[in-house]
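Thanks, everyone. I have one structure to go through, and I will start with the whole chain before turning to single residues. Please have the view open while I talk.

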Amino acid sequence: MATTCRIQILAFLSVLLLLFQFQETQGWGEDGHLIVCRIAQSRLSKAAAEVVENLLPKSGENDLGSVCSWADHVKFIYHWSSALHYIDTPDKLCNYQYERDCKDENGEKGRCVAGAINNYTTQLLNYGKDAEYNLTQALLFLSHFMGDIHQPLHVGFTSDRGANTIDVQWYTRKQNLHHVWDDNIIETAEERFYDSNVDNFINAIQQNITTEWADQVKGWETCSYNKTACPDIFASEGIKAACEWAYKGATEGSVLQDEYFLSRLPTVNLRLAQGGVRLAATLNRVFR
């Protein structure tokens, strides 16, 4: 048993090191996931904060945000995890149903970002028990997927693969629409309003959480029917935001500039805030 554990630990550490060697990002980009996880860690209860510190790899230096994109970088090793980052919904319906939509390309049920959130939340509930789970990986997967499910185009249309096949122009750069929402809106906001400093961006969102959105936060944190995690709510919000904001006015070949950027930035800010608040609330329920 000890030998098996050492092998598992060494394998995990080798994968973790790869996080810092490869630059490909999917889901929210590096900064988006960083923002979600930094907001979440700042809202953890004392009990949850202690467990998170215990579970984080030493290289993370008790900064969940620094390893929040790990799940993106291990997809080429853990090929099975690729389908867990998103949900494909029927084109143009603009709604989500778990039984209909939470499956991978082979039709296997539960293999979507909502199913993954449920799974890794359940694994973390075994903390302190003699469980055969890698709870460090469970924490990193859950933290990342909570960010993904709040990126509207991670609950997008099947035919365009969450807008990955919709080519647009972001100001002077060619991009696909999915990448615009993963990275470009956040990067443009940082450059234009926050001196290209992600910490300034985080501070602005934190301020809005305590002021502009203060009366909404309790609702964001609440799970129906006393569930520990409630990703179906987040996915339903996501496809609605995708239809109302991401897809709208962004067809193949569109040139997206200030009108699109400035009108969509509030939705990006809101979803980043909700992702952080809800990740913290979920971890606080798990580690009471």
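I will cover the overall fold, then the aromatic pairs, then a few individual positions.

First, a caution: this is a predicted model. Every value I quote is computed from it.

The overall picture, then. The chain has twelve helices and five strands. Its radius of gyration is 18 Å, and the globule rule gives 19 Å for 288 residues, so the chain is as compact as a globular protein of that length. Along the principal axes, the C-alpha trace spans about 55 × 45 × 40 Å. Of the 288 residues, 53% are buried. If we take contacts between residues at least 6 apart in sequence, 74% of them join residues at least 24 apart.

On the surface, about 13,500 Å² is exposed, and carbon and sulfur atoms supply 50% of that. As for charge, the chain carries 25 positive and 36 negative charges, and the mean positions of the two sets are 6 Å apart.

Now the aromatics. How many aromatic pairs does a search of the whole structure find? The number is 17. I will take two of them.

One is Phe157 with Tyr247. The ring centres are 4.2 Å apart and the planes are at 5°, so this pair is stacked; the cut-off for that label is under 30 degrees. Phe157 sits in strand β2, residues 155-157, while Tyr247 is in the loop between α11 (231-246) and β5 (255-256), so the pair ties together parts that are 90 residues apart in sequence. Both partners are on the buried side of the 20% cut-off. Phe157 has a relative accessible area of 4%, and Tyr247 has 11%.

The other is Phe193 with Phe261. Here the centres are 6.2 Å apart and the planes are at 10°, so this pair is stacked as well. Phe193 belongs to helix α8, residues 177-193, and Phe261 to helix α12, residues 258-286, so the pair ties together parts that are 68 residues apart in sequence. Are these two rings' residues buried or exposed? Phe193 is partly exposed, with a relative accessible area of 40%, whereas Phe261 is buried at 0%. Phe193 and Phe261 also belong to a cluster linked by ring pairs, together with Trp170, Tyr171, Trp181, Tyr194, Phe201 and Tyr260.

Next, some buried positions. Val36 lies in helix α2, residues 30-42, and its relative accessible area is 0%. Which residues does Val36 contact, apart from its neighbours within four places in sequence? They are Trp28, Gly147, Leu272, Gly275, Gly276 and Leu279. For Gly276, the C-alpha atom is 4.3 Å from that of Val36, although the two are 240 residues apart along the chain.

Thr89 is in strand β1, residues 87-89, and it too is buried, at 0% relative accessible area. Setting aside residues up to four places away in sequence, Thr89 touches Asn95, Asp101, Val155, Gly156, Phe157, Thr158 and Ile239. Phe157 in that list is the strand β2 residue from the stacked pair with Tyr247.

Gln274 is in helix α12, the helix that also holds Phe261. At 6% relative accessibility, Gln274 counts as buried. Beyond neighbours within four places in sequence, its contacts are His150, Trp220 and Glu237.

Finally, the exposed loop positions. Thr172 is in the loop between β3 (167-170) and β4 (173-176), and at 74% relative accessibility it counts as exposed. Its C-alpha atom is 33 Å from that of Ser236, with the two positions 64 residues apart along the chain.

Two residues to check in the backbone angles are Asp195 and Tyr225. Asp195 is not a glycine, yet has a positive phi of about 55°. Asp195 is in the loop between α8 and α9 (198-210) and is exposed, with a relative accessible area of 68%. For Tyr225, phi is near 55°, again a positive value in a residue other than glycine. Tyr225 is in the loop between α10 (217-221) and α11, and at 75% relative accessibility it counts as exposed.

That is what I have.

Key. Residues are numbered from 1 along each chain as its sequence is written. This is a predicted model: local features need pLDDT of at least 70, side-chain atom pairs count only at pLDDT 80 or more; totals for chains, interfaces and linings use all residues. Side-chain values use heavy atoms; hydrogens and water are left out. Helices (H or I, at least four residues) and strands (E, at least two) are DSSP runs, numbered from the N terminus. Buried means under 20% relative accessible area, exposed over 50%, partly exposed in between (1.4 Å probe, protein chains only). Contact means heavy atoms within 4.5 Å. The radius of gyration is taken over C-alpha atoms; the globule rule is 2.2 Å times the number of residues to the power 0.38. Accessible areas come from the Shrake-Rupley method with a 1.4 Å probe; for residues, only the protein chains shown count as cover. Lys and Arg count as positive and Asp and Glu as negative; His and the chain ends are not counted. The place of a charge is taken as NZ of Lys, CZ of Arg, CG of Asp or CD of Glu. Rings of Phe, Tyr and Trp (its six-membered ring) pair if their centres lie within 6.5 Å; planes under 30 degrees apart count as stacked, over 60 as edge-to-face and the rest as tilted.
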